[in-house]
Amino acid sequence: MFNILVAEDDEDMRELFCTVLSDSGYNTIPAADGAEALDIMDKEYIDLIVADIMMPNMDGYELTRSLRDAKYDLPILMVTAKDQFDDMQRGFRMGTDDYMIKPINVKELVLRVEALLRRAKISSEKKITVGKTTLDYDALTVTIHGKETILPQKEFYLLYKLLSYPNKIFTRQQLMDEIWGMFSETDERTVNTHINRLRDKFQGCDDFEIVTVRGLGYKAVKKVE
C-alpha cells in the first residue's frame with residue numbers, strides 16, 4: 001500500500017483529502033504544516049506528498065524546496081487557492097510535480113495521484129520486474145526464477161529504490177536521507193554495509209547488478225531488457 005502524506009493546515013480539507021485517498025486504497029498520513037511533514041518523513045517511508053501552499057510554520061514552497069535540496073525525488077502535488085501564474089511558476093521551480101487550484105475535485109485529485117505514482121515508475125501493485133526477478137514492496141520479497149527471498153526492511157528499500165530508477169546514480173547521502181531519514185545518525189558505512197549484503201545475496205542474479213560509481217555513490221544496472 002502506498003503511503004501518501006497530506007500536508008494541509010485546514011483541518012476539514014485535510015480530513016477530506018485523507019478520507020478520499022484512503023477510500024481509493026492509499027495509506028494516508030496527515031500533517032498540519034510543512035514542519036510537521038518533515039518530522040513525519042524522518043519516521044515514515046512516504047511515496048507521495050499532497051501539500052497546500054499556504055501553511056503556518058513552513059509553507060508548501062519551503063517544504064518542497066527543503067525536500068529537493070535534500071535530494072528527495074518523490075512526487076509532490078501542490079494544492080493552493082492561488083490561481084496566479086507566478087505562484088504556479090514558483091511552485092514548479094521549487095520542484096513540485098503537479099499543481100491543483102482550489103476548490104478541488106476529489107475525483108481529479110485521485111487521478112492525478114495515480115498518474116504521479118505511475119510517472120514515478122512505481123507500478124500500482126508496488127512491484128518491480130526486471131527479467132526473471134520480481135520485487136514485492138508490501139511483502140519485502142525478491143523472487144528470482146520462482147525462488148522467494150524475504151529481505152530485511154532497509155535492504156529491501158535500498159534495492160527497490162535503485163531498481164525503480166535503473167542507471168540513475170544515488171549518492172550515499174541521498175540513500176541515507178530517504179531510507180533512514182533526514183535526521184538519522186546513520187553514516188555512510190551503514191549504507192555500504194547494506195549494499196554489500198545485497199551484492200552477496202544476489203551475486204548470481206542474471207537480471208541486475210549494483211554498481212559503485214567511484215566518488216559518487218551507487219546505481220542499479222539491468223543486465224536484461
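1. In this predicted model, helix H7 (residues 172-180) packs against helix H8 (residues 188-201) at an angle of about 85 degrees. Angles of 65 to 115 degrees count as roughly perpendicular, and H7 and H8 are therefore roughly perpendicular to each other. The axes of H7 and H8 are 9 Å apart.

2. The residues that make this contact can be named on both sides. Helix H7 contributes Arg-172, Leu-175, Met-176 and Trp-180, while helix H8 contributes Glu-188, Thr-190, Val-191, Asn-192 and His-194. By character, four of the residues in the contact of H7 with H8 are nonpolar, three are polar and two are charged.

3. The model also holds an open sheet of five strands, with parallel pairing and the order S2-S1-S3-S4-S5. Strands S2 (27-31) and S5 (98-101) are at the edges; each has a single partner strand, so one side of each has no neighbour in the sheet. On average, and with direction ignored, neighbouring strands of this sheet are turned by 20 degrees against each other.

4. The pairing of strand S1 (residues 3-7) with S2 may be examined in detail. These two strands pair in the parallel sense over five bridges. Ala-7 stands opposite Ala-31 in S2.

5. Two helices should be considered together with the sheet. Helix H2 (residues 34-41) packs on the sheet and touches S1, S2 and S3; the direction of H2 makes about 135 degrees with that of S2. Helix H1 (residues 11-23) lies across S1, S2, S3 (48-52) and S4 (76-80), and H1 runs at about 170 degrees to S2.

Technical notes. Residues are numbered from 1 along each chain as its sequence is written. This is a predicted model: local features need pLDDT of at least 70, side-chain atom pairs count only at pLDDT 80 or more; totals for chains, interfaces and linings use all residues. Side-chain values use heavy atoms; hydrogens and water are left out. Two strands pair if DSSP finds at least two bridges between them. Helices (H or I, at least four residues) and strands (E, at least two) are DSSP runs, numbered from the N terminus. Axes are lines fitted to C-alpha atoms, for helices over the stretch in contact, and angles run from 0 to 180 degrees between N-to-C directions. Contact means heavy atoms within 4.5 Å. Angles under 35 degrees count as roughly parallel, over 145 as roughly antiparallel, 65 to 115 as roughly perpendicular and the rest as oblique. Ala, Val, Leu, Ile, Met, Phe, Trp, Tyr, Cys and Pro count as nonpolar, Asp, Glu, Lys and Arg as charged, and the others, Gly among them, as polar.
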